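These entries record what I looked up in the structure, in the order in which I took the topics.

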Amino acid sequence: MRARHQSGLGRIAQAVVLLLVVAATLRLIDCAPRATAKARQVKDFPSIEAVERAAGRRLALPAWYPRELPWPPSRLQVVGAPPEAVALEFGSADGGVPLLVLAESVRGPVPLPESFFPPATVFEARTQAWRDGKARFTRLRGEDGAAWVELAWEQDGQAFTFRSRGSLEQLLDLAASVHREGP
């Protein structure tokens with residue numbers, strides 16, 4: 001009878017050890033996304049030059065820019081360290097809501113975070129040939145009811161997404177003029 005009692009205690013000890021191992025494993029799994037999310041947090045940067053220094057390369061920016069929008073960007077957001085992606089936000093002259101967001105990947109065609117863009121609902125999207133590849137054209141409605149147009153494409157191994165409250169023609173002109181100077 002004593003042998004049965006010891007074997008029961010042994011099983012309980014094994015179960016406790018197994019439970020501790022499972023709990024530790026789950027704790028490690030729980031911490032992994034937080035570490036990844038922390039590394040991919042969106043941070044504000046003070047200037048385009050600061051982003052380029054951190055990235056170790058020049059950004060691919062439009063050569064043409066609409067006169068009615070203020071320069072420099074009202075906000076620069078970066079994901080990753082060193083930067084994996086950057087978004088330049090241009091607000092109205094009175095510093096109100098964003099009117100244009102130019103986002104690009106810096107380290108290959110990484111996904112651009114949704115937090116770069118004002119919240120909006122898609123009501124039309126299509127993919128078609130554009131330049132030497134394909135682009136996704138999207139019409140969206142912002143939370144405030146404003147209409148947005150968006151153009152997303154890849155060029156020279158980088159992902160780009162431009163979103164504007166302006167016209168599609170203006171957005172196409174901006175996108176068509178994108179280039180990077182220097183290394």
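**Entry 1: the largest pocket**

Which residues line the largest pocket? I worked on a predicted model. I listed the lining of the largest pocket as Leu-112, Glu-114, Phe-117, Arg-136, Glu-150, Ala-152, Trp-153, Glu-154, Ala-159, Phe-160, Thr-161 and Arg-163. The elements that contribute two or more residues to this lining are β8 and β9. I then sorted the lining by residue class and obtained six nonpolar, one polar and five charged residues. For the space in the largest pocket I noted about 170 Å³.

**Entry 2: the largest cavity**

I next turned to enclosed space and found one cavity of 30 Å³ or more. The volume of the largest cavity is about 40 Å³. Which residues line the largest cavity? I recorded Arg-126, Phe-137, Thr-138, Arg-139, Val-149, Glu-150 and Leu-168. Glu-150 is thus named in the lining of the largest cavity and also in that of the largest pocket. At least two residues of the cavity lining come from each of β7 and β8, and β7 gives the most, with three residues. By class, I entered three nonpolar, one polar and three charged residues for the cavity lining.

**Entry 3: the sheet**

What is the order of the strands in the open sheet? I read the order of its eight strands as β1-β3-β4-β5-β9-β8-β7-β6, with antiparallel pairing. At the edges I found β1 (42-45) and β6 (120-130), each of which pairs on one side only. The average turn between neighbouring strands of this sheet is 20°, direction ignored.

At the β1 edge, I counted four bridges in the antiparallel pairing of β1 with β3 (residues 75-79). Val-42 is placed opposite Val-79 of β3.

**Entry 4: the strands β6, β7 and β8**

I followed the sheet from its other edge. β6 and β7 run antiparallel and are joined by 10 bridges; Gln-128 has Ala-135 of β7 as its bridge partner. Two residues lie between the strands in the hairpin of β6 and β7, where I noted a positive phi near 55° for Arg-131.

The antiparallel pairing of β7 with β8 extends over seven bridges. Arg-136 has Ala-152 of β8 as its bridge partner, and I had already entered both residues in the lining of the largest pocket. In the hairpin of β7 and β8 there are four residues between the strands, and Gly-145 takes a positive phi near 90°.

**Entry 5: the helix on the sheet**

Which strands does helix α3 lie across? I found α3 (residues 168-176) across β5 (98-105), β6, β7 (133-142), β8 (147-155) and β9 (158-164). The angle at which α3 runs to β8 is about 25°. Leu-168, one of the residues lining the largest cavity, is the residue at which the range of α3 begins.

**Entry 6: aromatic pairs**

How many aromatic pairs does the structure hold? I recorded eight, and I examined two of the geometries. A pair of aromatic rings is described by the distance of the centres and the angle of the planes. For Tyr-65 and Trp-71 the ring centres are 5.1 Å apart and the planes stand at 80°, so I classed the pair as edge-to-face. Why is the pair of Trp-153 and Phe-160 stacked? Their ring centres are 5.0 Å apart and their planes are at 15°, so the pair counts as stacked, given that planes under 30 degrees apart fall in that class. Trp-153 and Phe-160 also appear in my list for the lining of the largest pocket.

How values were computed. Residues are numbered from 1 along each chain as its sequence is written. This is a predicted model: local features need pLDDT of at least 70, side-chain atom pairs count only at pLDDT 80 or more; totals for chains, interfaces and linings use all residues. Side-chain values use heavy atoms; hydrogens and water are left out. Two strands pair if DSSP finds at least two bridges between them. Axes are lines fitted to C-alpha atoms, for helices over the stretch in contact, and angles run from 0 to 180 degrees between N-to-C directions. Contact means heavy atoms within 4.5 Å. On a 1 Å grid over the protein atoms alone, a cavity is a set of points where a 1.4 Å probe fits but cannot get out, and a pocket is an open set with protein on both sides within 12 Å along at least five of seven lines; lining residues have an atom within 4 Å of a point. Grid points are joined across faces, edges and corners, and a volume is the space filled by probe spheres set on the points. Ala, Val, Leu, Ile, Met, Phe, Trp, Tyr, Cys and Pro count as nonpolar, Asp, Glu, Lys and Arg as charged, and the others, Gly among them, as polar. Rings of Phe, Tyr and Trp (its six-membered ring) pair if their centres lie within 6.5 Å; planes under 30 degrees apart count as stacked, over 60 as edge-to-face and the rest as tilted.
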